[in-house]
Amino acid sequence: MFEVPTDRKYQESHEYATTDGETATVGITDFAQDELGDVVFVELPEVGEEITQGEEFGVVESIKAVSDLYAPISGTVTAVNEDLFDRPELVNEEPYGDGWMLEVEVADDAAFDELLSADEYREQTE
Amino acid sequence: MALRKPPLYDVYAADATFTGFGGWDMPVEFESIRAEHEAVRDSVGLFDVSHMGEIVVSGSDATALMQRLTSNDVEALSPGESQYSAITDESGVIVDDTIVYRLPEAEDRYLFVPNAGHDEAAYRRWVDHRDEWGLDCEVRNETDAWAMVAVQGPDAAETVDRATDADVAPLSWGDVIEAEVGGVRSFVSRTGYTGEDGFEILCPTDEAEPVWSAFAADCTPCGLGSRDTLRTEMGFLLSGQDFDPDAEPRNPYEAGIGWTVALDTDFVGRDALATVADAGVEETFVGLVLRERGIARHGHEIVADGDVVGHVTSGTMSPTLGEPIALGYVPTSLSEPGTELSIAVRGQEKRAEIVPTPFIEDN
């Protein structure tokens, strides 16, 4: 059973975003990290770059596969988890914790409404 | 077309994730590719490689047929020995690579192992040439009759020794014996494709389970994912990727397996390869290491001074080195270790350097 915390929202392409108001934290789900297997490389945008909901913002590579990352919300990147450059395995170990990818200043909070709830996302992965 | 399931499928299906490979539904990963890779480098891993083909050639002209259809010198084999070889077409292009076993306790009986999904084509090739040349031997495609497991790693010898009624310690690389494994009459050969000491066990399909079980408690089960990272670290070729008669036509000299070509024997492709041996090759199979963050993958372009000079045929993160490694063909003039090139990783050029293969120390 994969962990799907209820304190955040999800995108069909397996990214999550927190919903605490102005700043969102973005990463990939427990299900996604398990599907990918051992993550060995993460390519992320730089601080100050804009990301757009539904569009690619980076790449995550495991030993066996390459996957594009799609932005769950739109906004300006305010922080990038640089620990992932040296320890990409954090995505496997703690996808909702130390394996986070971006912090984003959210352009429009209403965009969260388009994302899936934990229950809806769990249904999709079952 | 439905994928073929290996005979051990149900034994480990609950513990593995699967992928289609060469027409077979094979385990790609059990717990973790990295953990499986490390188990083979550090202790011992167990692979189901039942997707590999098995063609048996027997009879008075078996040696002659094998000699004329494989590039290595089959006559150098005594019963109970095996060799790595290439199967080439008239122009010297590698059609497949294979291990040829001269089976023990018989003078004129061979079993060779084509790659997954190549068994039917190999069988046809052997039968057609036998008939064309009027040779007297029987050729049988026994792929469905044999299961094959590989026990690989520094602890492989003691692991296999415990599971067999034979003493495997004295075997040299390539030696093949008949022995009981988990009570099942099998062929046990000291071969493998991981760069580690190891054994491959051929047993009847319907008796595969006790053979697998004879090792399962002592070994880490491994999938094709770690098999790929292990062979890539060694610079070993993967059929259909590092060579392919259609998509990547390469001769054995380009592909770095010129040592399998016995020009003093008469085989299909021999004359073309003799010309190549005289003239030298324009392109060479090399190892590369990325010197910037990124992972090179199959198809990425290799660039020198702004010009595309080749492409990556295999690439991964090396679990042993913690560095991104790649294999591919470059102009021979750029193939010396130390040569600085770049690889366009998803369109972005990353610094790379030619390094000798194997990438890791050969055990």
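Helices (H or I, at least four residues) and strands (E, at least two) are DSSP runs, numbered from the N terminus. The model is predicted, so local features need pLDDT of at least 70 and side-chain atom pairs count only at pLDDT 80 or more, while totals for chains, interfaces and linings use all residues. Residues are numbered from 1 along each chain as its sequence is written, chains are lettered from A in the order in which they are written, and side-chain values use heavy atoms, without hydrogens and water.

Pockets were sought on a 1 Å grid over the protein atoms alone; a pocket is an open set of points where a 1.4 Å probe fits, with protein on both sides within 12 Å along at least five of seven lines, and lining residues have an atom within 4 Å of a point. The largest pocket has a volume (space filled by probe spheres set on the points) of about 740 Å³. Its lining comprises 34 residues; Phe21(B), Leu224(B), Asp228(B), Arg231(B) and Leu238(B) lie nearest the centre. Strands S1 (17–21), S6 (94–102) and S16 (307–318) and helix H7 (224–234) of chain B each supply at least two lining residues. H7(B) gives the most, with 6.

The second largest pocket holds about 610 Å³. Of its 26 lining residues, Tyr84(B), Tyr193(B), Met234(B), Phe236(B) and Trp259(B) lie nearest the centre.

Between the chains, 14 residues of chain A contact (heavy atoms within 4.5 Å) 15 residues of chain B. There are 4 salt bridges between them, each a side-chain nitrogen of Lys or Arg within 4 Å of a carboxyl oxygen of Asp or Glu. One joins Glu43(A) to Arg346(B), with the closest N and O atoms 2.9 Å apart.
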